[in-house]
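Open your viewer and keep the selection box handy. We will go from the whole chain to single side chains, one stop at a time.

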Amino acid sequence: MDLFGLLHLEELSLGLANLSMFPYFDMAHYIVSVMALREQPGAIEVSRVSPLACWFSSMLFCFGGAVLSGIMLAEPPVAPLSNSTGVLLASVIWYLVFYCPMDLVYCCAALLPLRLVLSGMKEVTRTWKVLGGVTLAQTKYKDGLLVMIAIGWARGAGGGLISNFEQLVRGVWKPETNELLRMSYPTKITLIGAVLFALQQTHYLPVQKHHLMLVYTVFTVVNKSRMMLTGSSTSPFATVESAIYKTLFAGNSPYAALTGEVKTTCFDNGATTTTTKESGENGGARQRAPTSPVKGQSSSLKAKEESEDAATSQCKKTD
């Protein structure tokens with residue numbers, strides 16, 4: 001690209017493309033991943049009761065992408081364990097983060113300046129993981145664009161995509177935290193990266209690989225740093241997501257069906273009745289009619305049923 005030549009970024013992009021991830025960047029990835037596990041509710045208690053379950057969960061956090069992509073490609077899911085050096089390094093970091101005396105390692109790594117650097121280095125490894133997954137899928141499915149996107153996504157965000165299985169290891173079952181239901185920022189940015197690199201590898205995106213690596217890496221690092229410094233968890237794609245949902249799916253927001261309230265208004269000769277549908281924790285739905293408030297601290301079941309029948313009959317009157 002001429003722009004990279006004008007900005008003298010050609011050497012920087014080539015240097016980044018040839019950068020080795022081992023050992024420093026891989027170490028940063030392991031530290032941030034194990035710290036993320038430690039900060040999960042109940043993780044410290046599990047580490048005291050069952051160190052083996054805690055270690056296994058840590059390995060899923062560190063190598064979840066390789067495990068998931070291997071399963072999708074019909075390869076042995078234990079293949080990441082063949083990297084003895086990586087597993088040993090991740091195991092040492094796991095032990096220090098959870099069992100270091102006086103929590104020195106965790107407290108030091110949790111300091112904002114150091115954690116900012118470690119998180120930035122982890123985002124750099126995300127680029128290599130996504131690109132590695134796309135390249136691996138291309139060698140087996142040359143024209144399989146969707147397969148390349150899926151493998152790149154799994155390789156870069158596998159730890160989040162298999163989070164429900166990892167939670168089962170710790171004795172937790174929370175299906176509502178499924179990443180496909182409510183995608184987190186890392187999962188979204190990994191999916192975007194997988195699409196971009198897959199398009200580049202199939203020559204649908206006219207840009208050189210090392211240039212795309214530089215742009216994607218800078219964006220992920222800068223945006224992650226901004227989110228950590230401002231303490232914001234808002235995705236930079238929230239506005240675009242909301243516009244797409246309103247245009248294509250007629251939803252109020254991407255997660256209105258899960259967490260919000262869907263309101264339906266019925267008009268009958270100037271009278272307005274609003275029915276509100278809320279999603280409960282057990283997947284059930286409730287309907288409420290804005291009848292006049294009932295005085296007292298409790299109302300009978302019969303009065304509640306009558307109010308619901310009245311709201312239903314008013315909605316049916318509308319032609």
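A residue is called buried when its relative accessible area is under 20%, and exposed when that area is over 50%, with partly exposed in between. Keep that cut-off in mind, and remember throughout that this model is predicted.

**Stop 1: the whole protein**

Show everything as a cartoon. You should find 15 helices and three strands. Of the 319 residues in the protein, 38% are buried. Switch to a surface and you are looking at about 18,700 Å² of exposed area, with carbon and sulfur atoms supplying 63% of it. As for contacts between residues at least 6 apart in sequence, 65% of them join residues at least 24 apart.

**Stop 2: His-210**

Now select His-210, which lies in helix 12. Is His-210 buried or exposed? Its relative accessible area is 12%, so His-210 counts as buried, since the limit is under 20%. Show the side chains around it. One polar contact, of 3.1 Å, links the side chain of His-210 to that of Glu-10. Another, of 3.4 Å, runs between the side chains of His-210 and Gln-208. Leaving aside residues up to four places away in sequence, His-210 touches Glu-10, Ser-13, Leu-14 and Ala-17.

**Stop 3: along helix 12**

Extend the selection to residues 209–230, which make up helix 12. This helix has 22 residues, and the distance from its first C-alpha to its last is 32 Å, close to the 32 Å expected at 1.5 Å a residue. Its buried residues include His-211, Leu-214, Thr-217, Asn-223 and Met-227. Just past the end of helix 12, click on Gly-231, where phi is positive at about 70°.

**Stop 4: the aromatic rings**

How many aromatic pairs are there? The count comes to eight. Begin with Trp-94 and Tyr-95, an edge-to-face pair with 6.4 Å from centre to centre and 65° between the planes. Trp-94 is buried at 11% relative accessibility, while Tyr-95 is partly exposed at 46%.

Next, select Phe-197 and Tyr-216. Why is this pair edge-to-face? The ring centres of Phe-197 and Tyr-216 are 5.7 Å apart and their planes stand at 80°, so the pair is classed as edge-to-face; the angle needed is over 60 degrees. Phe-197 belongs to helix 11 (residues 185–201) and Tyr-216 to helix 12, so the pair ties together parts that are 19 residues apart in sequence. Both partners are hidden from the surface by the cut-off above: Phe-197 is buried with a relative accessible area of 0%, and Tyr-216 is buried with 5%.

Return to Trp-94 and Tyr-95 and add Phe-98 and Tyr-99 to the selection: these four form one aromatic cluster.

**Stop 5: a charge over a ring**

Select Arg-38 and Tyr-106 together. Arg-38 lies over the face of the Tyr-106 ring, 4.2 Å from the ring centre.

**Stop 6: helix 13**

Finish with residues 238–249, helix 13. Its 12 residues should span 16 Å at 1.5 Å a residue, and the end C-alpha atoms are 15 Å apart, which agrees. Following helix 13 comes Ala-250, with a positive phi near 55°.

Definitions and conventions. Residues are numbered from 1 along each chain as its sequence is written. Side-chain values use heavy atoms; hydrogens and water are left out. Rings of Phe, Tyr and Trp (its six-membered ring) pair if their centres lie within 6.5 Å; planes under 30 degrees apart count as stacked, over 60 as edge-to-face and the rest as tilted. Buried means under 20% relative accessible area, exposed over 50%, partly exposed in between (1.4 Å probe, protein chains only). Helices (H or I, at least four residues) and strands (E, at least two) are DSSP runs, numbered from the N terminus. A charge sits over a ring if NZ of Lys or CZ of Arg is within 6 Å of the ring centre and within 35 degrees of the ring normal. The expected span of a helix is 1.5 Å times one less than its number of residues. A polar contact is a pair of N or O atoms within 3.5 Å; within protein, one must be able to donate a hydrogen and the other to accept it, and residues adjacent in sequence count only if both atoms are side-chain atoms. Contact means heavy atoms within 4.5 Å. Accessible areas come from the Shrake-Rupley method with a 1.4 Å probe; for residues, only the protein chains shown count as cover.
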